[in-house]
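Me: I should like to learn how to read a few local features of a protein model. Could we take them one at a time?

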Amino acid sequence: MQKKYLLLTALLFLTILLCFAISCGNNAKENNPSQQPENEQELEFSLKNGSYAVTGYHGNSSSVIIPDKKDGIPVTEISDDAFRDAQNIVSLTLPDTLRIIGSGTFYGCSALTDLTLPDGIMLAGGVFSNCPKLSEVICDGTLRSSSSNFTNTALYNNEDNWENGALYI
């Protein structure tokens, strides 16, 4: 009788241990940073007025994707100087949820070549200044900006992009 009790206890223990191992394996997959959107681990975020702002970047990627949400909350802003002098960035993907890009945010991103801005975006001063390879900007709607956001870029320096003193994107 004692052997049966010992055997049942061992089987119960192994069953519990197996269930625990399976549960931990599923949680590890859900919390694995590689399952997050690309580059998110290189971005710093701050919660502001019910939405997230990207406040910094600490990476070396040539392609950066700003997610549309973090923890289910929209990303609506990139703060001043968040990507300043990030010289490895060649391509940049911005979400449609983005509404504001702060002053000097991408200043000095010398490898950046082109980007698409979301509709209704507002650019503060000098956002893309000193990005000499930036030659194409596409905006699928309304853009609130001044030409100072693009000084010392290929786009700004191309005479074909100017008409009557205004820079056309």
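**Backbone angles, strands and rings**

Reply: Let us begin with a loop residue: Asp71 lies in the loop between strand E4 (69–70) and E5. Please bear in mind that this is a predicted model.

Me: What is the sign of phi at Asp71, a residue that is not a glycine?

Reply: Most residues other than glycine have a negative phi. Asp71, although not a glycine, has a positive phi of about 55 degrees.

Me: Is Asp71 buried or exposed?

Reply: The relative accessible area of Asp71 is 62%, so the residue is exposed.

Me: Which other residue, not a glycine, has a positive phi near 55 degrees?

Reply: That residue is Asn152, which lies in the loop between E11 and H2. Asn152 counts as partly exposed, at 38% relative accessibility.

Me: Let us turn to the strands. In what sense do strand E1 (residues 43–48) and E2 pair?

Reply: They pair in the antiparallel sense, over six bridges. Lys48 has Ser51 in E2 as its bridge partner. Two residues separate E1 and E2, which form a hairpin, and Asn49 in the turn has a positive phi of about 50 degrees.

Me: In what sense, parallel or antiparallel, does E2 pair with strand E5 (residues 73–78)?

Reply: This pairing is parallel and has three bridges. Within it, Val54 stands opposite Ile78 in E5.

Me: How many of the seven residues of strand E2 (residues 51–57) are buried?

Reply: In a regular strand the side chains alternate between the two faces of the sheet. In E2, six of the seven residues are buried, so the strand is largely enclosed by the rest of the structure.

Me: How should aromatic pairs be read, and how many are there?

Reply: A pair of aromatic rings is described by the distance of the centres and the angle of the planes. With centres within 6.5 Å as the criterion, the count comes to six aromatic pairs. One of them joins Phe45 and Tyr52, edge-to-face, at 5.9 Å centre to centre with 80 degrees between the planes. Both Phe45 and Tyr52 are buried.

Me: Why is the pair of Phe128 and Phe150 stacked?

Reply: Planes under 30 degrees apart count as stacked. The planes of Phe128 and Phe150 stand at 15 degrees, with the ring centres 5.6 Å apart, so this pair is stacked. Phe128 lies in the loop between strand E9 (121–123) and strand E10 (136–139), and Phe150 in the loop between strand E11 (143–144) and helix H2 (154–157), so the pair ties together parts that are 22 residues apart in sequence. Phe128 is buried at a relative accessible area of 0%, and Phe150 is buried at 1% relative accessibility.

Me: Which residues do ring pairs link into a cluster?

Reply: The cluster consists of Tyr57, Phe83, Phe106, Phe128 and Phe150.

Technical notes: Residues are numbered from 1 along each chain as its sequence is written. This is a predicted model: local features need pLDDT of at least 70, side-chain atom pairs count only at pLDDT 80 or more; totals for chains, interfaces and linings use all residues. Side-chain values use heavy atoms; hydrogens and water are left out. Rings of Phe, Tyr and Trp (its six-membered ring) pair if their centres lie within 6.5 Å; planes under 30 degrees apart count as stacked, over 60 as edge-to-face and the rest as tilted. Buried means under 20% relative accessible area, exposed over 50%, partly exposed in between (1.4 Å probe, protein chains only). Helices (H or I, at least four residues) and strands (E, at least two) are DSSP runs, numbered from the N terminus. Two strands pair if DSSP finds at least two bridges between them.
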